[in-house]
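Colleague: I would like to go through the inside of this model with you. Shall we take cavities, cores and strands in turn?

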Amino acid sequence: MGAEQQNKGQKEQMGRLKSMGLTLPYQIPLLLPDSWDDLTRVVDSFGTTLPPAPSCAVTGRLKNAPSVRFDGGAPRLVGYLYDDQDNRIGFMAFGDTRAFQEALQSQPDRVTLFGQLEVFNGHNWLKTPTIVPENWLGRLRPRYRGKTGVITPDTVRERVLSRLTETISSTVEFLLQKLAQFGGRNHLAELVGTKGVDLETILYQAHLPRTVQIGEAAQEVLQRLAALGTIALASAGKTARVCTRRLNLPDWHARSKSIPFPLTDEQEQAVTDALADIASGIPSHRIISADVGAGKTVVFALVAAAVVDAGGTVACMLPNQGLAMQVFEEITAWWPDLPVQLLTGSHKEDLCGSMVVGTSAVLFEDLGDLDLVIVDELQKSSRAQREQLVGPNTHLLEATATCIPRSQALIRYGAVKVSRLTKTHTPKEIHTRIWSRDEWPALFAGVKETLSQGDQVLMVYPLREKADEPKPETGAPRQKKQEMGSAAEVFAKWEKMFPGQVRLLHGEKKDEMKEVLDDMRSGRASILCATTVVEVGITIPNLRRVVVVHPERHGASTLHQIRGRLCRKGGVGHFDMFLPNPVKEATRERLQVLVQTTDGFKVAELDMMNRGIGDLSATSDRQSGADMTFLFGKPVSIPILDEMIRRVNSIEKGANE
């Protein structure tokens, strides 16, 4: 039987486990349980009030069949177990309990239930009970995730454990092969701290440990191994190629004399480092992580000019036409002699210069083997787009105010170099705050105060039409939904209050963008109602307040970019995130990141912590989400990743000394 046919046969054996992401049997031991039901101690005496517990197993006699009640509308099943002294404990289940009732009927008089122990009016109650089969008594029972409508957690447990022992050896073989660059079993054991314990035992204990502590320790070892896999993916993106042509780069300082403001020391260092990458003759990848207003454009423009002066070719891709035109105009104003051309969807000419500045339209032109590719606002393009222009001799220079989690992780683990720009030429002070629905009057008063001082306000709404109104978050505290309307409706309301002073801008009004922004910049309008089309490339010098409605609909990076529209010429501004509806605590904590810091690099790092790092493989386009390691159901934590990169670096350093 051929390997391909064998794999096909193995995939067919996986059944509904495929819905959990598993495709081959060796992955079964890598689908880890979330926790364990502790069935090592079973309560069989109900004569005293038991302390509440997150979970507990109780055993007793079921004298009577439980009854179904409908008080308050929601059906609930109520029954009682009795101990040998005839003391009782109640149990209660909600929703459709027919399967549970049938299972109870098939049990003998004595039954063991597992659930959440509560005390109500001095009496013991067991909530959300499940029946415990006799073979699990005295053991820890692993608890796995299921997939609604496809496979239940109990079925996942049954399928995983039925094949655990037979698949562990193939899993170990996979791990040793996947992590071969870190050495064999002994070296891996040294890295993850498991000398004396073999991988087979660790895999078994991660599912069926004797104690919870042993299980958690085994899973942590597997997370360390998965972290090594992540590091291997990141390092695989590093190139070992050598450019077939080398550029003799001139002194870039001559070009800097045309810049109408002095460069900061960070900008000078970033230019120097980027040109050193290029001079090395090894294709490089560097990210300029520049806070909004810190001047990343002048950095990559100086690098590009030096490459062109050395006889090289450059392509610079920007996320939209407005920003592309702005960068093109700045470069041609600084250096009229530089052979640079503009290329966008609506502006195309015969390409004959050494440098092209444009939008994604540059992807559809044959620009040859470029020496330098610059991508501004990298979070707005996919990895495939960013690297489509990259040839065997090409250096890649990316710029952003807020890295996507994948790029942040690549920086963190040394696969990509970074230059940070934190200093601005015009000092500004931005106050960020989260507002709830009942605080709208105070926020509205702040908006009116901003307008009364002759300053301008930006109202950002995530949608164009009311039909797309976002729903309140599932799991958030229940309150009456607050209708905020669409961007167009917000515009209509503000226009009614401030006739002639309000403008509307969204993705389908791009042809009107220049006119709308001209009105704002000239002072003919004071309020701009828009969608996130204003996220990048929009400069309104007198903008002092931004109100984002439904900020929970955006990532931290997007919100930081929108905040970057404030005070472009310096001064004091206000960034207000207005929550018309309640949100989950985790969402509020994510938004709180913006309150804690105005540093885009820190925002991106915290965003990575919240969203995951994405897939770090060289061919991945996944920008965020659970890190794509070989584990299932147990994402690798950032602290463990940090710990493993320190260990790898320490061992490599020791080997080189």
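Modeller: First, the cavity term: on a 1 Å grid over the protein atoms alone, a cavity is a set of points where a 1.4 Å probe fits but cannot get out, and lining residues have an atom within 4 Å of a point. The model is predicted: local features need pLDDT of at least 70, side-chain atom pairs count only at pLDDT 80 or more, and totals for chains, interfaces and linings use all residues. Numbering starts from 1 along each chain as its sequence is written, and side-chain values use heavy atoms, without hydrogens and water.

Colleague: Which residues line the largest cavity, and how do they split by class?

Modeller: The lining consists of Cys-243, Arg-245, Arg-246, Leu-247, Ile-278, Gly-281, Asp-371, Asn-393 and His-395. Ala, Val, Leu, Ile, Met, Phe, Trp, Tyr, Cys and Pro count as nonpolar, Asp, Glu, Lys and Arg as charged, and the others, Gly among them, as polar. The split is 3 nonpolar, 3 polar and 3 charged residues.

Colleague: What is the volume of the largest cavity?

Modeller: The whole-structure search finds 3 cavities of 30 Å³ or more. A volume here is the space filled by probe spheres set on the points, with grid points joined across faces, edges and corners. For the largest cavity, that gives about 60 Å³.

Colleague: Which elements each supply at least two residues of the lining of the second largest cavity?

Modeller: That cavity has a volume of about 40 Å³. Its lining includes Ala-274, Asp-277, Ile-278, His-395, Leu-396 and Leu-397. Helices (H or I, at least four residues) and strands (E, at least two) are DSSP runs, numbered from the N terminus. The elements are α8 (265–279) and β15 (395–400).

Colleague: Which element gives the largest share of the largest nonpolar core?

Modeller: A nonpolar core is a set of buried (under 20% relative accessible area, 1.4 Å probe, protein chains only) Ala, Val, Leu, Ile, Met, Phe, Trp, Tyr and Cys residues joined through side-chain atoms within 4.5 Å. The largest has 50 residues, and Phe-182, Leu-225, Leu-228 and Phe-630 have the most contacts inside it. Elements giving two or more residues include α3 (153–178), α4 (185–192) and α19 (638–656). The largest share, 9 residues, comes from α6.

Colleague: Which residues in α6 (212–236) does Phe-630 touch?

Modeller: Contact means heavy atoms within 4.5 Å. Leaving out residues up to four places away in sequence, Phe-630 touches Leu-30, Phe-174, Leu-175, Lys-178 and Leu-179, among others. The α6 range is 212–236, and the touched residues in it are Leu-225, Ala-226 and Gly-229.

Colleague: Is helix α16 (residues 556–563) enclosed or open?

Modeller: The buried residues of α16 include Leu-559, His-560, Ile-562 and Arg-563. In total, 8 of the 8 residues are buried, so α16 is largely enclosed by the rest of the structure.

Colleague: Which residues of β13 are buried on each face?

Modeller: In a regular strand, side chains alternate between the two faces of the sheet. Strand β13 (residues 355–358) is covered on both. One side has Met-355 and Val-357, the other Val-356 and Gly-358.

Colleague: In β13, what is the bridge partner of Leu-342?

Modeller: Two strands pair if DSSP finds at least two bridges between them. Strand β11 (residues 314–317) pairs with β13 in the parallel sense over 4 bridges, with Ala-315 opposite Val-356. Strand β12 (residues 340–343) and β13 are also parallel, over 4 bridges. There, the partner of Leu-342 is Val-357.

Terms used: On a 1 Å grid over the protein atoms alone, a cavity is a set of points where a 1.4 Å probe fits but cannot get out, and a pocket is an open set with protein on both sides within 12 Å along at least five of seven lines; lining residues have an atom within 4 Å of a point.
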